[in-house]
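Q: I should like to learn how to read the features of a protein model, one at a time. Where might we begin?

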Amino acid sequence: MAGSISLPLTIHFGLYPVANISIGTPPQPFNLRIDTGSSELWLPSRHSDICKYSDCSVNGAFDERKSETSISDDFNEEFRIHNGDNSDYTGILIQDVLTIGDGTVEDATFGLVYNAKGNPGSPGDGYNSKGTWGLSFDKAQSDQNAHPYTGVLELMVEQGLIERRAYSLWMNSREEAAGHIVFGGVDPTRYDPPLTGLPMVDMLDSNSMSYLTVQLTSLVCNNCDGKSEVREESVRHAILDSGSAGIILPAKIAEKVLKDFGAITDPLFGWPLVKCDLARADASYDFHFAGQFGPKISIPISDMIRPHIPGLLFANADEACFLAVKKHGEAMLILGTTFLRSTYIVAHLDSKMIAIAQAKEGSHTFDPEVIEITGDTIPGVDTIMASIEQAKATAAAGPPRDTYADPGDDSWAFPNDYFAGKVTHNALQAAFTPPPKPMY
């Protein structure tokens, strides 16, 4: 009888959800990034050049010769992943047993990576040595590999572990380093009602779903210059992507948000810089979905500013921090983990439905209370919002089209640990101000 499988997550660097699974017989343990913006499961081979650049002992590297159940000769097919940061991972397709929580998936196909180009990682950091478990539609994986194959999520349904291709993701607050993912179920203790259903949309007009895409219809800054101000009001296709760190916005919208923060850009860094003190400001951004009566997710300013890195200063010695907002073209809109840490999401791939709610902050304890997803509906959803045709009537122009190119897992451009210079410019005046620092 199908049920659900709950896995604890570790939030690495405060940004990326990572789950532990085992592969092979006897089991070999791995830390895998959970990525809602891709569809492949891949991991490094013990003999890969990834392990020359990163410490693969931290997250695991697969040795297929030590697994009694490993099959690779029957495939004889190359595996390839190309990310938006121009990194390439290549290897072969392989088949083996996966142990996911208390469940076992037989004959699972995944990529075993031998070569990495473009961004293989830094010596000893262990970061890029992690594999990835992509949880979007299988259409995304078949775009890059010649012969599509059954993804792990669908195998979990076929083999009776869960009833539907569905899961819920809770990343917890910024202060916590643990969350969880539930395959085949919803945990109502992890969100503040209501839980609202949103139909997924086909952003590429390709007649088949590729990504977890919903309609963002407005963006509002709360307590900007002491009031709420609309920063954008039009129908935009937004991808929910736990494999991306920040919030990627179309250029015109991003420029408005950067101006709110008084952010500056510097050629040394991939993300804008702001005064760290702004993280104490009582301000937030509201993301509204599916029109006037749709759900709202509120992201506090503090969650959009990354912690200070020692030595990163403005010319007047004010501490400089990275802002997790970036502009990309005229149509790109990706809501990465900066957004998802405040959001509880349920993805029902079979019904092409996303349910979202404001996430509750919780402890690091792993104690899910699961309601299983057994049909085409999502438990706890009271309202399902309108289709894209109806939503357009409550917003401005329809969404511009663009080709989706994932910025890549490694798009967060931290400076190295030895940066000791000062950023040339001071940040401009922001639209909100932090309270005075307490006196001790």
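A: This is a predicted model, and a helix packed on strands is a suitable start. Helix α4 (residues 251-261) lies across β13 (213-224), β14 (227-240), β15, β17 (284-289) and β21, and its direction makes an angle of about 140 degrees with that of β21.

Q: How should the sheet be read, and what is the order of its strands?

A: In general, strands of a sheet pair through backbone hydrogen bonds, in either the parallel or the antiparallel sense. Here seven strands form an open sheet with mixed pairing, in the order β18-β17-β13-β14-β22-β15-β21. Its edge strands, β18 (296-300) and β21 (325-327), each pair on one side only.

Q: In which sense do β15 and β22 pair, parallel or antiparallel?

A: Strand β15 (residues 247-249) and strand β22 (residues 334-335) are antiparallel, with two bridges between them. Within this pairing, I247 has L335 of β22 as its bridge partner.

Q: Does the helix also have a side-chain link to a strand; specifically, which residue forms a salt bridge with K256?

A: The partner of K256 is E232, with the closest N and O atoms 3.9 Å apart. Because E232 lies in strand β14 and K256 in helix α4, the pair ties together parts that are 24 residues apart in sequence. E232 is buried at 13% relative accessible area, whereas K256 is partly exposed at 38%.

Q: How many salt bridges are there, and which residues form a network of them?

A: The count is 14 salt bridges. R46, D63 and R65 are linked in a network. Within it, R65 and D63 have their closest N and O atoms 3.8 Å apart; R65 is exposed at 64% relative accessible area, while D63 is buried at 5%.

Another salt bridge joins K275 to D318, the closest N and O atoms being 3.6 Å apart. This pair links distant parts of the chain, with K275 in strand β16 and D318 in the loop between β19 (313-314) and β20, 43 residues apart.

Q: Turning to covalent links, how many disulfides are there, and what is their pairing in sequence order?

A: There are three disulfides. With the bonded cysteines numbered in sequence order, the pairing is 1-2, 3-4, 5-6.

Q: Why is the disulfide of C51 and C56 assigned its handedness?

A: The handedness follows from the torsion about the S-S bond: for C51 and C56 it is about -95 degrees, so this disulfide is left-handed. The two sulfur atoms are 2.1 Å apart. C51 is partly exposed at 24% relative accessibility, whereas C56 is buried at 8%.

Q: What are the S to S distances in the links of C221 to C224 and C276 to C321?

A: For C221 and C224 the distance is 1.7 Å, and the link is right-handed, with 60 degrees about the S-S bond. C221 is buried at 0% relative accessibility, and C224 is buried at 0%.

For C276 and C321 the distance is 2.0 Å. The torsion is about 105 degrees, so this disulfide is right-handed. C276 lies in the loop between β16 (273-275) and β17 and C321 in strand β20 (residues 320-322), so the pair ties together parts that are 45 residues apart in sequence. Both C276 and C321 are buried.

Q: Finally, which residues touch the most other members of the largest nonpolar core?

A: They are I100, W133, M156, F183 and F261, in a core of 83 residues. Leaving out residues up to four places away in sequence, the contacts of W133 include I100, M156 and F183, as well as R33, D35 and E40.

How values were computed: Residues numbered from 1 in each chain as written. Predicted model: local features only at pLDDT ≥ 70, side-chain atom pairs only at ≥ 80, totals over all residues. Heavy atoms only, no water. Core = buried A, V, L, I, M, F, W, Y, C linked by side-chain atoms within 4.5 Å. Buried < 20%, exposed > 50% of the residue type's maximum accessible area, 1.4 Å probe, protein only. Contact = heavy atoms within 4.5 Å. Pairing = 2+ DSSP bridges. Helix = DSSP H or I, 4+ residues; strand = E, 2+ residues; numbered from the N terminus. Axes fitted to C-alpha atoms, helices over the stretch in contact; angles between N-to-C directions. Disulfide = S-S within 2.5 Å. Salt bridge = Lys/Arg side-chain N within 4 Å of Asp/Glu carboxyl O.
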